[in-house]
Amino acid sequence: MTSRPNRVRSFALDARQAKRAEAISIGIDANYISSFVERFYARVRGDELLGPIFGERIADWPAHLEQMKRFWRSVLHNSGEFNGSPMRKHVAIDGLEERHFRRWLALFHDTLRDGEVHAEATSHVGTRARTIAESLLTGVKLHRHGLAGSRIGKEVFDV
Ligand code: HEM
């Protein structure tokens with residue numbers, strides 16, 4: 001008979017595999033993730049608002065791109081490969097505000113649309129990005145202004 005911890009573990013594995021299979025069925029495989037990460041950060045680096053913020057902080061671009069691929073595989077395939085601390089790192093960027101997140105999302109959505117393989121993939125990945133951006137912005141505001149300034153629970157981005 002299978003022990004309880006084993007059953008729990010195999011349930012978690014099934015859920016992880018199901019999520020990955022569902023993503024892959026709409027074209028979100030590891031190559032798709034790698035491609036949008038590469039193309040997105042090429043745009044970001046050339047952007048006059050965001051480029052300098054990254055330029056001052058990223059010394060090793062190949063390492064950053066690998067980290068971002070692990071992040072997106074964890075988000076989209078539940079791969080569990082990412083162990084960073086995005087909230088802490090974004091809170092530490094002085095002057096980061098709504099207009100930066102708006103630009104980030106606009107570039108991200110342009111990248112997804114330009115490399116579109118499946119409209120459902122664009123919509124799925126774009127929605128995940130927007131949700132994470134909203135939570136990072138909420139965290140940044142909370143850290144800076146406390147609860148009153150954080151607009152918790154409000155829809156922030158409409159892209
Ligand atoms: C407002 C625009 C943004 C700017 C200027 C920005 C900038 C940066 C910078 C400079 C880093 C490197 C930090 C370091 O290693 O010390 C970083 C890391 C990261 N960013 Fe952003 N970011 C933005 C928005 C976002 C959004 C919307 C997401 C997710 C949807 C995101 C996800 C990440 C992740 C996962 C990391 C790696 C964190 C880690 O390794 O612990 N960023 N970002």
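What share of the 159 residues in the protein chain is made up of buried residues? In this predicted model, buried residues make up 16% of the chain, and the views below move from the whole chain to single helices, loops and residues.

**Figure 1. The whole protein chain is built from seven helices and zero strands.** Read from the N terminus on, the elements follow the order α-α-α-α-α-α-α. Taken along the principal axes, the C-alpha atoms fill a box of roughly 60 × 35 × 30 Å. When contacts between residues at least 6 apart in sequence are considered, 70% of them join residues that are at least 24 apart. The mean pLDDT of the chain is 91, and 91% of its residues reach 70 or more, while for the complex the predictor gives an ipTM of 0.96 and a pTM of 0.90.

**Figure 2. Helix α1 covers residues 4–25 and is hardly covered by the rest of the chain.** Among the 22 residues of α1, the count of buried residues is one. From its first C-alpha to its last, α1 reaches 31 Å, which is close to the 32 Å expected at 1.5 Å a residue. The helix is followed by Gly27, a residue whose phi is positive, near 90 degrees.

**Figure 3. Lys19 of helix α1 is in contact with His77 and Asn78, leaving aside its neighbours within four places in sequence.** Lys19 and His77 are 58 residues apart along the chain, yet their C-alpha atoms are separated by 5.9 Å. Lys19 counts as partly exposed because it has 14 C-beta neighbours inside 10 Å, and a residue is called buried only from 20 upwards and exposed at 12 or fewer. The partner Asn78 belongs to the loop between α4 and α5, and with 16 C-beta neighbours inside 10 Å it too counts as partly exposed. The phi of Asn78 is near 55 degrees, a positive value in a residue other than glycine. Such a value deserves a second look, because most residues other than glycine have a negative phi.

**Figure 4. Ser85 is an exposed residue in the loop between α4 and α5.** Ser85 has 9 C-beta neighbours inside 10 Å, and therefore it counts as exposed. Ser85 and His118 are 33 residues apart in sequence, and the distance between them in space is 31 Å, C-alpha to C-alpha.

**Figure 5. The largest nonpolar core has 21 residues.** Ile28 and Ile33 are the residues with the most contacts inside this core. The elements that give two or more residues to the core are α2, α4, α6 and α7. Leaving aside its neighbours within four places in sequence, Ile33 is in contact with Ile28, Lys69, Trp72, Arg73 and Leu76.

**Figure 6. Helix α7 runs over residues 119–145 and has a span that agrees with its number of residues.** At 1.5 Å a residue, the 27 residues of α7 should span 39 Å, and since the C-alpha atoms at its two ends are 38 Å apart, the expected and computed values agree. The buried residues of α7 are Ala121, Thr122, Val125, Ala129, Ala133, Leu137, Val140 and Lys141. These buried residues pack against α2 (30–46), α4 (61–77), α5 (86–91) and α6 (98–114). Just after α7, Gly146 takes a positive phi of about 80 degrees.

**Figure 7. Leu137 is a buried residue in helix α7.** Leu137 counts as buried because 22 other C-beta atoms lie within 10 Å, where 20 or more are needed. In sequence, Leu137 and Val91 are 46 residues apart, whereas in space they are 8.7 Å apart, C-alpha to C-alpha.

**Figure 8. The ligand is surrounded by 20 residues.** The closest of these residues are Gly84, His100, Trp104, Ile132 and Ala133. At least two residues of the shell around the ligand come from each of α3 (51–57), α4, α5, α6 and α7, and α7 gives the most, with four residues. By type, the residues of the shell divide into 13 nonpolar, five polar and two charged. Ala133 takes part in two of these views, for it is among the closest residues to the ligand and is also one of the buried residues of α7.

Technical notes
Residues are numbered from 1 along each chain as its sequence is written. This is a predicted model: local features need pLDDT of at least 70, side-chain atom pairs count only at pLDDT 80 or more; totals for chains, interfaces and linings use all residues. The expected span of a helix is 1.5 Å times one less than its number of residues. Two residues are in contact if their C-beta atoms, placed from the backbone, lie within 7 Å. A residue is near a molecule or strand if its C-beta atom, placed from the backbone, lies within 6 Å of it. Ala, Val, Leu, Ile, Met, Phe, Trp, Tyr, Cys and Pro count as nonpolar, Asp, Glu, Lys and Arg as charged, and the others, Gly among them, as polar. A nonpolar core is a set of buried Ala, Val, Leu, Ile, Met, Phe, Trp, Tyr and Cys residues joined through C-beta atoms within 7 Å. pLDDT is the predictor's confidence in each residue, from 0 to 100.
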